[in-house]
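Here are a few exercises to work through with the model open in your viewer. Try each task yourself before you read its solution.

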Amino acid sequence: MNSQSEERKVRLGLLLSNIRLEEKLLIQEAQRRPDVELTLVDSREIVLDLQNERSLDVLLDRDISQSRAMHALQLFQNSGVKTINSYEAVRVGGDKLLTSKALHDAGIHTPRVRVAFTPESALSAIEEMGYPVVLKPVDGSWGRLMAKIENRIAAEAILEHKSHLSSYFHSVFYLQEWIQKPGRDIRAFVIEGETICAAYRVSDHWLTNAARGGRAMECAVTPELHQLCVRAARAVSGECLAIDLMETSNGFTVHEVNCAMEFKESLKAVKADIPARIIDYCIKAARAAQHQKEYQHV
Amino acid sequence: MSAECPECGSKVELPEDAVENEILECALCGVELEVISLSPPTLELAPEEKEDWGE
Ligand SMILES: Nc1ncnc2c1ncn2[C@@H]1O[C@H](COP(=O)(O)OP(=O)(O)O)[C@@H](O)[C@H]1O
Ligand SMILES: [Mg+2]
Ligand SMILES: [Zn+2]
């Protein structure tokens with residue numbers, strides 16, 4: 001029964017809107033594979049219904065819009081399409097509070113966090129945590145709207161400004177202890193239980209995001225780093241993602257996971273072919289999903 | 001293949017393997033551009049960063 005299914009092409013969908021270098025590399029990689037039939041699923045154009053939509057074996061999320069990704073993945077996944085990552089992983093990865101909780105519950109070293117919902121309670125939380133402290137939007141990315149707060153006067157000013165921002169997410173005050181890191185942090189890439197590569201992100205600024213000018217340098221994947229990243233990926237049920245960590249005098253601390261991760265800066269420093277590894281995994285996952293469906297039909 | 005930058009009017013060279021919806025940068029004025037069509041090559045200002053954008 002398998003000879004037929006082995007010949008069937010893998011129907012791979014790429015959920016995206018803007019096509020950055022990452023998406024372009026993934027598209028080119030998929031087009032080089034004779035066994036892949038590629039569909040670009042533009043989240044700005046799709047209209048989804050609640051019925052089954054099974055014309056794909058696997059959908060890889062590369063959408064720059066987290067809210068579109070999350071809702072689209074939920075519908076695709078519920079109608080039997082294998083999505084990478086899962087809706088659950090994207091929901092946790094896209095929310096810093098859920099991420100911290102998942103890491104903490106899995107016993108993974110992650111910076112100390114407090115959450116408060118009003119400027120007043122946030123101020124008392126900050127005073128209790130001690131300075132400096134980092135205030136982050138729970139749903140942010142690229143270092144956007146992050147504040148390092150060094151004293152009470154700054155805290156009061158930032159909290160007042162925040163209370164005038166429109167999005168309701170800004171009334172969630174996610175506070176994190178300041179980690180004194182050595183002018184860099186680490187981004188490690190995990191695919192299917194393997195840490196395939198890692199890069200330091202070096203910057204003079206405390207925000208080391210590539211989007212903020214952080215430069216990549218190769219970072220060796222030690223057994224310790226490998227195992228920690230795999231555990232972090234598992235804690236958020238992510239299959240294909242980037243783990244962000246900082247070095248402390250006390251070992252690594254994991255501060256973030258990124259499901260639709262960017263990698264163009266890292267590619268300059270690492271040896272692994274990240275887009276090829278992602279497409280390899282998509283094909284493997286799609287084959288497994290095809291077999292499972294055939295099995296169910298017998 | 002080239003198209004006009006809608007911001008500064010300069011000529012922007014499209015890469016050989018350009019695809020629709022690809023994001024490019026204008027070498028002269030630095031603005032982000034989106035490839036709207038390949039025939040004829042047409043560029044528009046890329047969508048502005050939204051609050052839920054990221055990785
Ligand atoms: N608690 C912290 N202490 C010191 N630096 C931090 C802390 N948290 C984050 N950073 C730095 O800020 C940057 C962005 O933080 P991150 O939590 O990954 O948010 P984003 O989703 O915006 O990337 C990273 O470069 C990281 O090195
Ligand atoms: Mg980050
Ligand atoms: Zn221009």
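**Exercise 1. Count the salt bridges between chain B and chain A, and look at what kinds of residue chain B brings to the contact.**

Step 1. Set the rule: a salt bridge is a side-chain nitrogen of Lys or Arg within 4 Å of a carboxyl oxygen of Asp or Glu. Before going on, note that this is a predicted model, in which local features need pLDDT of at least 70 and side-chain atom pairs count only at pLDDT 80 or more, while totals for chains, interfaces and linings use all residues. Residues are numbered from 1 along each chain as its sequence is written, chains are lettered from A and ligands numbered from 1 in the order in which they are written, and side-chain values use heavy atoms, with hydrogens and water left out.

Step 2. Apply the rule between chain B and chain A, and you get five salt bridges. One to pull up is Glu34(B) with Arg44(A), at 3.1 Å from N to O.

Step 3. Now sort the residues on the side of chain B that touches chain A: six are nonpolar, two polar and nine charged. Here Ala, Val, Leu, Ile, Met, Phe, Trp, Tyr, Cys and Pro count as nonpolar, Asp, Glu, Lys and Arg as charged, and the others, Gly among them, as polar.

**Exercise 2. Work out how much area is buried between the two chains, and which three residues of chain B supply the biggest share.**

Step 1. List who takes part, using contact as heavy atoms within 4.5 Å. That gives 17 residues from chain B and 26 residues from chain A.

Step 2. Get the buried area, meaning the accessible area (1.4 Å probe) that two parts lose on being put together, summed over both. The result is about 1800 Å², and carbon and sulfur atoms give 40% of that.

Step 3. Rank the contributors from chain B: Glu51(B), Trp53(B) and Glu55(B) supply 46% of what chain B buries against chain A, more than any other three residues.

**Exercise 3. Lay out the parallel sheet of chain A and find its edges.**

Step 1. Fix the terms: helices (H or I, at least four residues) and strands (E, at least two) are DSSP runs numbered from the N terminus, and two strands pair if DSSP finds at least two bridges between them.

Step 2. Read off the order. This open sheet of four strands runs β2-β1-β3-β4 in chain A, with parallel pairing. At the edges stand β2 (36-42) and β4 (82-84) of chain A, each with a single partner strand, so one side of each has no neighbour in the sheet.

Step 3. Check one pair: β1 (residues 10-16) and β3 (residues 58-61) of chain A are joined by four bridges, with Leu60(A) in β3(A) as the bridge partner of Leu14(A).

Step 4. Add the helix. Helix α2 (residues 21-32) of chain A lies across β1, β2 and β3 of chain A at about 170° to β1(A); axes are lines fitted to C-alpha atoms, for helices over the stretch in contact, and angles run from 0 to 180 degrees between N-to-C directions.

Step 5. Zoom in on that helix: Arg32(A) makes a salt bridge with Glu29(A), with the closest N and O atoms 2.9 Å apart. The two are three residues apart in α2 of chain A, which means they are separated by about one helical turn.

**Exercise 4. Do the same for the antiparallel sheet of chain A.**

Step 1. Its four strands form an open sheet in the order β5-β8-β6-β7. The edge strands, β5 (113-116) and β7 (147-149) of chain A, each pair on one side only.

Step 2. Take β6 (residues 133-136) of chain A, which pairs with β7(A) over three bridges. Val134(A) sits opposite Lys148(A) in β7(A).

**Exercise 5. Find the unusual backbone spots.**

Step 1. Know the background: most residues other than glycine have a negative phi, and most peptide bonds are trans.

Step 2. Look for cis bonds: one joins Ile84(A) and Asn85(A), and another joins Ser39(B) and Pro40(B).

Step 3. Look at phi: Leu145(A) has a positive value near 55°, and it lies in the loop between β6 and β7 of chain A.
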